[in-house]
Amino acid sequence: MSVFPGISLKPDVTEFLKSVFLNNEVIAAVGREGAESRFQKLLICLSHPPSYTCVRASTHLTPLEEIRHKLGEELRKKTFKSSAEDSTVQIFTHPQIPDVLLLPVDGPRPVKQLHPEVVVGAQCGSAVLRGAHVFVPGIIASPKYMKAGDVVSVVSDLEAKCTRGAKSFLGKKAFVGNGVAELDRSGIFCTDEPAKGIGVRMVEPLYLSPSFDGVLPSLAFLQNLPSVVVGHVLGPRPGERILDMCAAPGGKTCHIAALMGDQGEVVALDKIQNKIERVLQNAQMLHLRSIKAYCFNSIKAVSSDSTQETEGPPFPPESFDRVLLDAPCSGLGQRPNMGCAWSLKEIRSYQPLQRKLFHTAVRLLKKGGILVYSTCTVTLAENEEQVAWALDSFPCLTLQPQEPHIGAEGMLGAGLSPEQLRLLQRFSPELSWDQGGIEGPLPSRADRDTIGFFIAKFLKN
Ligand code: SAM
């Protein structure tokens, strides 16, 4: 597994995260050595991609088996150019989730770094590890005499320290594969208009996963497995009115609308206007008409006049049958993530913001309604501690069982009882460490070897 070292974080962020995973409750349960080992595994897991790519199938438009078949055909044509090549693409269904297709990722493969280096940003490096080519905006440095057609090795700048336009870089970096340059160096850095398109076409990526660029856009939506679980846990029903408070780019919004058979109303809010355009584009691409998207600060989404019905925000209290708060978070569960340059202050800034959003969520939810809170991070402060705070602050809320529950239970350390922890769902990739390689049993490996993620489900009494 450990081709490159674990995720590179600022020293104080590593210490903070270590204190989370080696908290007193955890040490009392599994011992210091067990806790330390889990933490080290987490750091390495985070820097590698999950071992399955997850696709959410538009079963509101076409039956799952038909989508699976079409996807197999499309990817076969794209991946294997000549019919002489052996050409099957493995695609698995999930026994508990009816709209999920899983494709194994092959890697890390024994690819050697032999060529002059093209340096890319950490985000671009992560995309390459998930099957993408290198797009020009992701390139930070390239060899002095690089010409289109040159074979190059692509490395990811782990600490965001490489200067744009540099010809070489000696800082901390990780090799992600070999490719062929599509442009000369001057075509990347010496242009009046910023260059677009593919800069390096990957031919020997460290991880081989199918590229979904333009493949069945209305039927196959790339989405991490825990994110698909969120939609099912929320459990929307046709005819209901649902609020997705932090919606962009709209993966979960569209899933909610699809689960409702596009019957009812899904209100999507996000505070950034161009992200709202993405929500609307995704809704259109997936042929969903029940979604209404607004650019709005969700903290202010409750109107002071509780009688006035308006179409858009702010809304009167108790306007929604279900609310999803997929909160802005420190994102430390994202994979692959080889380097995060965030400060501890930035990471700590999310807990108060999430609490403000949570207040609004509770006020906008009808009595008897369901609130789902989720994050893609691994800290206690943004997950179990938020649940403990919410149960304390809002006596009207009770934790509910989740269906499906394919992740682990909540983590010790926030003072929650064993019963409460069992009702939470934490996706902890480090727990998949000992389950063998890609041949490990499905679905348990695919269920555990995911991004780090957290889900809590509440009923408002
Ligand atoms: N639910 C989305 C999906 O599945 O595609 C991902 C949401 S992402 C985790 C969090 C989003 O919250 C970002 O798009 C961010 O712009 C938005 N956001 C942050 N603060 C907000 C606020 N006060 N009001 C509304 N949206 C906010």
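Let's start at one small spot: if you skip its neighbours within four places in sequence, serine 319 is in contact with Arg241, Leu364 and Lys366. Bear in mind as you look around that this is a predicted model. Serine 319 sits in the loop between strand 13 (291–295) and strand 14 (320–326). Is this serine buried or exposed? Its relative accessibility is 8%, and because the cut-off for buried is under 20%, serine 319 counts as buried. Its side chain also reaches the backbone oxygen of proline 316, at 2.5 Å.

Now zoom out. The protein splits into domain 1 (52–104), domain 2 (117–205) and domain 3 (225–460). Between the C-alpha centres of domain 1 and domain 2 there are 30 Å.

Next, the nonpolar interior. The largest nonpolar core has 40 residues, and Ile291, Val372 and Ile455 are the ones that touch the most other members. Helix 6 (residues 225–234) is the top contributor to this core, giving 6 residues. Both domain 1 (52–104) and domain 3 (225–460) put at least three residues into this core. To see what one of those well-connected residues is doing, pick isoleucine 455: leaving out residues up to four places away in sequence, isoleucine 455 touches Pro226, Val229, Val230 and Val233, along with Val372, Tyr373, Ser374, Gln402, Leu424, Gln425 and Phe427. Apart from this core there's another one, made of 33 residues, including Leu365, Trp389, Ala390 and Leu421.

Over to helix 4 (residues 122–129). Here Cys124, Gly125, Ser126, Val128 and Leu129 are buried. And what do the buried residues of helix 4 pack against? Helix 2 (24–47) is one partner, and the others are strands: strand 4 (117–120), strand 5 (134–135), strand 7 (151–157), strand 8 (173–181) and strand 9 (198–205). After helix 4 comes glycine 131, which has a positive phi, near 110°.

Finally, the ligand. There are 19 residues around it, and Lys252, Asp270, Asn297, Ser298 and Asp326 come nearest. Lysine 252 places a polar side-chain atom 2.9 Å from an oxygen atom of the ligand. Backbone atoms join in too: a backbone N or O atom of alanine 248 is 3.4 Å from a ligand oxygen atom, while for lysine 271 a backbone N or O atom lies 3.2 Å from a nitrogen atom of the ligand. On its own the ligand would expose 610 Å², and the protein buries 87% of that.

Notes. Residues are numbered from 1 along each chain as its sequence is written. This is a predicted model: local features need pLDDT of at least 70, side-chain atom pairs count only at pLDDT 80 or more; totals for chains, interfaces and linings use all residues. Side-chain values use heavy atoms; hydrogens and water are left out. A nonpolar core is a set of buried Ala, Val, Leu, Ile, Met, Phe, Trp, Tyr and Cys residues joined through side-chain atoms within 4.5 Å. Buried means under 20% relative accessible area, exposed over 50%, partly exposed in between (1.4 Å probe, protein chains only). Helices (H or I, at least four residues) and strands (E, at least two) are DSSP runs, numbered from the N terminus. Domain bounds come from an automatic or database domain assignment. Contact means heavy atoms within 4.5 Å. A residue is near a molecule or strand if one of its heavy atoms lies within 4 Å of it. A polar contact is a pair of N or O atoms within 3.5 Å; within protein, one must be able to donate a hydrogen and the other to accept it, and residues adjacent in sequence count only if both atoms are side-chain atoms. Accessible areas come from the Shrake-Rupley method with a 1.4 Å probe; for residues, only the protein chains shown count as cover.
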